[in-house]
Amino acid sequence: MSRRRLLQGVAAVNLSLIVPGRGLASFGPSPPPLTKAIWLDAAAPAFTEGMTFGVPWPRGAVSARATFAMEDLPVQSWPIAYWPDGSLKWSAHAVAAADAPRGAYALTMGKPAAPAAPVRIERSARVLTVSTGDAVWTLPTSGTALITQATRGGRKVMGAVTLGLLTQNAYSLEENSEVRQTSFEGQVEDAVVEQHGPVRAAIRLTGRYSGGGRQWLPFTVRLYFHAGAESVRIVHSFIYDGDETKDIISGMCLKAMAPMRDALENRHVRFSGQDGGVWGEAVRSITGLRRSSGRELEAAQVAGKFVDAAKLPGKFPQELKWVPPWDAFTLSQPAPDGYTITKRTAPGQGWIASAAERRASGLGYVGGVSGGIALGMKDFWQRYPSRIDVRGATQDEASLTMWMWAPDAPAMDLRPYRADMGMNTYEKQNEGLDITYEDFEPGWNKPYGIARTTEFILWALPATPERDRFAGMAHQVSAAPRLTISPERLHAAGVFGDWSLVDRSTPTRKAIEARMDYQLDYYLQQIEANRWYGFWNYGNVMASYDPARHVWKYDMGGSAWDNSELQSDMMFWYAYLRSGRPDIYRLAEAMTRQTGEVAVLHLGPYKGFGTRHGVQPFSDSSKQPRVSNAAFRRIYYYLTADERTGDLMRELVDSDQTLKNVFIERKVASEGGSGHGVREKIPGTVDCSFGTSWGSFVAAWLTEWERTGDKKWRDRIVNGMNSIAKLKNGWFCGGAPYDLATGRFVGRGDQINMSHLNGVFGVMEMHQELMPLLNVPAYKKVWLDYCRYYNAPTEEITAFLGVNPGGRGLTEAHSRYTAYAARELKDVRLADRAWKEFFGPRGVPRSQTQRVAGSAVLHPVDEDPRISTNGVSQWGLAAIQNIALIGDTLDTLGAKYAASRAPG
């Protein structure tokens with residue numbers, strides 16, 4: 001959409017639907033809040049390769065046409081979200097590469113500093129040429145290469161960059177006496193320049209893997225170029241569209257070529273280890289020989305600098321040819337707790353062990369004093385099995401290959417973990433659900449349509465980097481420096497609904513914050529203690545704990561991988577927003593990447609829906625929008641302007657259409673589990689719950705409305721609101737027949753079907769964002785009725801509805817609904833009730849682990865059996881929001897409940 005069309009769309013909005021606020025003409029009288037860009041990790045890095053971050057603005061404060069400056073740091077800015085009045089809601093800012101950046105930068109409105117060498121793109125019919133200074137990258141618009149070459153100062157230092165894939169016909173020799181391998185290459189089919197500015201350019205490549213007369217595994221690759229950078233950031237995403245019994249992936253890689261011009265003693269290989277360590281050797285060493293070649297020359301070679309062989313002492317120049325050069329090097333990380341480095345002199349010769357340690361940070365280099373390449377992969381050891389290969393170091397051209405899935409590891413096993421076990425009827429499946437908590441159904445446990453994104457940084461270098469520089473490059477890969485803004489500044493913008501900043505100023509507040517810290521630290525510790533790592537799993541957490549075995553229920557039905565159940569993603573993101581903790585940011589970032597891709601189906605009949613918690617991220621048969629929910633992704637998107645996350649949310653704008661293929665309630669409420677009788681059925685409609693389904697669709701529509709200004713998404717939300725308001729029992733219906741064409745609910749709405757799940761998948765948080773934006777009085781009433789009465793005493797809700805509804809649970813979680821009603825209705829009695837609901841009879845939960853050791857466990861365990869991910873997520877969100885909504889009563893009304901301590 002063009003900028004002109006966008007503004008026309010904003011201007012055409014029906015103003016009667018928008019809550020009154022500052023108009024377009026009033027931009028500017030109140031200055032925007034003071035904004036400082038600070039580093040996520042507090043300290044400034046030694047250097048950066050450029051980055052992008054997002055900043056929110058209060059409603060009506062900044063024009064969407066505003067330009068921004070960051071002191072003397074070149075910056076490129078653009079809008080990524082708008083308030084309904086057309087003012088800027090979120091801006092994105094890309095900064096140029098910088099050596100020795102400062103600790104903070106003021107972000108102000110004005111003309112930005114220009115980069116010394118702006119990003120330039122030259123286009124022809126078949127080639128894009130991108131320059132970021134003296135680095136020039138050549139990209140074909142189709143074919144097998146992502147990049148054909150890169151030069152530095154006119155000298156070629158990098159050759160073709162390609163994608164590779166290996167498959168095999170069986171999982172192992174145990175299953176087939178002959179295992180055959182097939183190779184595929186990534187085939188680019190289209191190239192689009194998504195953004196081109198003086199500081200940043202983004203190019204999207206799409207294609208499929210091709211080989212043996214077949215094309216499959218659709219992929220998207222984004223290439224990000226920043227002014228002054230020596231590198232390109234590469235984001236690779238693919239969707240699995242194969243048959244897991246036949247299409248067995250045994251390797252997946254990104255490979256770059258490097259011309260090798262220098263003498264063997266001036267060629268170098270580098271690998272990054274852990275904690276800033278660097279493994280580095282020459283292809284032909286002049287150190288460690290029978291006689292010293294001289295300290296100065298030896299030190300130069302170790303540092304990667306030029307060695308003049310003619311200046312070697314004695315017979316060294318003549319005898320150096322007898323020192324075996326090393327042609328191939330491999331760093332292999334088959335597990336999260338160990339990697340090895342090996343090398344060999346030539347194909348057919350034996351491999352020699354060189355080094356071993358625990359966790360490599362994922363950067364490799366090959367080249368020489370006249371140029372070379374470095375390639376790094378984010379989350380290298382966390383997403384094992386991974387590997388880095390250097391091949392052809394003695395030849396005219398060497399390869400540097402980063403394996404996303406190492407070919408020497410067991411094949412990628414995507415088969416369902418269990419057999420059908422005769423569970424061929426809903427009745428049997430419901431019995432299984434009753435005992436294992438797994439919703440199993442034959443054919444619904446396939447990986448078809450899951451996705452995964454991997455991030456790389458590829459450097460084109462004029463010479464072998466010094467060791468300290470190389471260590472800094474590795475840090476850019478494993479823990480990328482990131483600019484952001486403070487929690488206070490985020491909060492002042494009024495985005496993401498009602499949330500509170502960390503406050504320990506009173507005993508009750510201190511107790512709540514201590515519990516919050518305990519929960520966050522506990523999950524960081526559990527991720528490490530239980531090694532919740534691996535290519536498909538990293539970013540997810542387990543749902544429930546088994547105190548008898550002293551393990552999380554990794555193998556037990558619906559108690560294993562959490563898959564965003566009860567808003568775990570949102571809890572961690574809100575915990576970051578209010579605290580600014582970098583460790584929580586990175587936890588939430590990994591979770592967003594994993595749950596938004598692996599737990600969601602991106603192709604096939606369930607496209608746009610996610611998979612309920614299970615032993616495998618895709619194994620449960622309950623496919624629902626409550627998992628794919630854009631509410632769980634939008635915080636990361638707005639903080640980073642990450643295009644891939646933007647794609648994932650945009651995929652969901654029509655995901656309500658998948659209700660035609662998936663009757664979510666099909667196993668519920670009648671003999672054999674037909675699903676009939678849950679709600680009334682009207683021909684031409686589909687069944688849709690308000691919270692777990694419609695509330696999830698609303699998150700996608702709100703986000704698309706914000707991003708584009710397109711009023712059809714606002715209108716679709718309003719259609720749903722108005723139609724719910726017309727139902728006799730409003731939100732207490734739980735759901736209703738839904739017209740996919742209009743987004744309206746239809747029918748009488750005279751049933752009452754309450755579910756505790758309707759309120760714990762982001763619908764409260766979306767309403768907190770939406771209600772100030774939209775003026776729909778009838779809907780506001782039914783929403784406040786639901787908030788007020790959900791947790792009400794039985795006699796009170798019975799009097800309101802005329803019947804005892806039953807079906808209510810998660811009282812603590814729904815305390816924030818009572819708190820919301822208290823704030824909106826200015827009702828102190830509701831505030832008192834909300835704190836009573838939140839604290840319950842036991843006050844702030846106990847925070848204490850116990851150590852289990854000896855033969856009872858494989859290794860010592862620090863456990864808290866009372867912890868569950870559902871409980872932690874909902875307690876955390878309720879705490880954060882209750883303080884924001886009715887925090888002025890916490891130290892009076894709330895304190896008496898916080899201090900209570902019933903037995904148990």
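## A walk through the predicted model

The protein chain exposes about 33,600 Å², and carbon and sulfur atoms supply 53% of that area. Keep in mind as you read that this is a predicted model. Of the 904 residues in the chain, 59% count as buried. Along its principal axes, the C-alpha trace spans about 100 × 70 × 55 Å. How does the radius of gyration fit with a compact globule? A compact globule of 904 residues would have a radius of gyration near 29 Å, and the protein chain has 29 Å, so the two agree.

The secondary structure comes to 21 helices and 41 strands. Contacts also reach across the sequence: among those between residues at least 6 apart, 69% join residues at least 24 apart.

Let's go inside. Rolling a probe the size of a water molecule over the atoms shows where empty space is left. In this model, a search of the whole structure finds four cavities of 30 Å³ or more. The largest cavity holds about 500 Å³ of space. Its lining is made of 30 residues, and the closest to the centre are G50, R233, E455, A480 and R482. Which elements give two or more residues to this lining? They are the strands β3 (51-56), β19 (214-226), β20 (231-239) and β31 (451-461), together with the helices α5 (467-478), α9 (582-595) and α11 (634-640). By class, the lining of the largest cavity divides into 12 nonpolar, eight polar and 10 charged residues.

Strand β20, one of the elements in that lining, is also home to V232. Is V232 buried or exposed? V232 has 0% relative accessibility, so it counts as buried. Leaving aside residues up to four places away in sequence, V232 touches W137, I147, L223, Y224, F225, F456, I457 and L458. If you would like a distance to check on screen, V232 and Y522 are 290 residues apart in sequence and 36 Å apart in space, C-alpha to C-alpha.

R233, one of the residues closest to the centre of the largest cavity, leads us on to D642. Setting aside residues up to four places away in sequence, D642 touches R233, R593, Y636 and Y637. D642 is found in the loop between α11 and α12 (643-650). Its relative accessible area is 5%, under the 20% cut-off, and therefore D642 is buried. D642 and A92 are 550 residues apart along the chain, yet their C-alpha atoms are separated by 9.7 Å.

A second aspartate worth a look is D85, in the loop between β5 (75-82) and β6 (88-95). With 13% relative accessibility, D85 counts as buried, because buried means under 20%. From C-alpha to C-alpha, D85 and S63 are 10.0 Å apart in space, with their positions 22 residues apart in sequence.

Now turn from the cavities to the pockets. The largest pocket has a volume of about 950 Å³. Of the 39 residues that line the largest pocket, Y384, R531, Y533, N537 and W561 lie nearest its centre. The elements that give two or more residues to this lining are α7 (507-529), β34 (551-552) and β41 (861-863). Which of the elements gives the most to the lining? That is α7, with three residues. The classes in the lining of the largest pocket are 27 nonpolar, eight polar and four charged residues.

Y384, one of the residues nearest the centre of the largest pocket, has a backbone detail to look at. A cis peptide bond joins Y384 and P385, with omega at about 0°. P385 is found in the loop between β28 (371-377) and β29 (386-391).

Two further backbone details finish the tour. F496 is not a glycine, although its phi is positive, at about 65°. F496 is found in the loop between α6 (487-492) and α7, the helix that gives three residues to the lining of the largest pocket. With a relative accessible area of 2%, F496 is buried. L566 also has a positive phi in a residue other than glycine, with a value near 50°. L566 lies in the loop between β34 and α8 (568-579), and β34 is one of the elements in the lining of the largest pocket. L566 counts as buried, at 3% relative accessibility.

Note on methods:
Residues numbered from 1 in each chain as written. Predicted model: local features only at pLDDT ≥ 70, side-chain atom pairs only at ≥ 80, totals over all residues. Heavy atoms only, no water. 1 Å grid on protein atoms, 1.4 Å probe; cavity = no way out; pocket = protein on both sides within 12 Å on 5 of 7 lines; lining within 4 Å. Points joined across faces, edges and corners; volume = space filled by probe spheres on them. Helix = DSSP H or I, 4+ residues; strand = E, 2+ residues; numbered from the N terminus. Nonpolar A, V, L, I, M, F, W, Y, C, P; charged D, E, K, R; others polar. Rg over C-alpha atoms; globule rule 2.2 N^0.38 Å. Buried < 20%, exposed > 50% of the residue type's maximum accessible area, 1.4 Å probe, protein only. Contact = heavy atoms within 4.5 Å. Areas by Shrake-Rupley, 256 points an atom, 1.4 Å probe, with all protein chains shown as cover.
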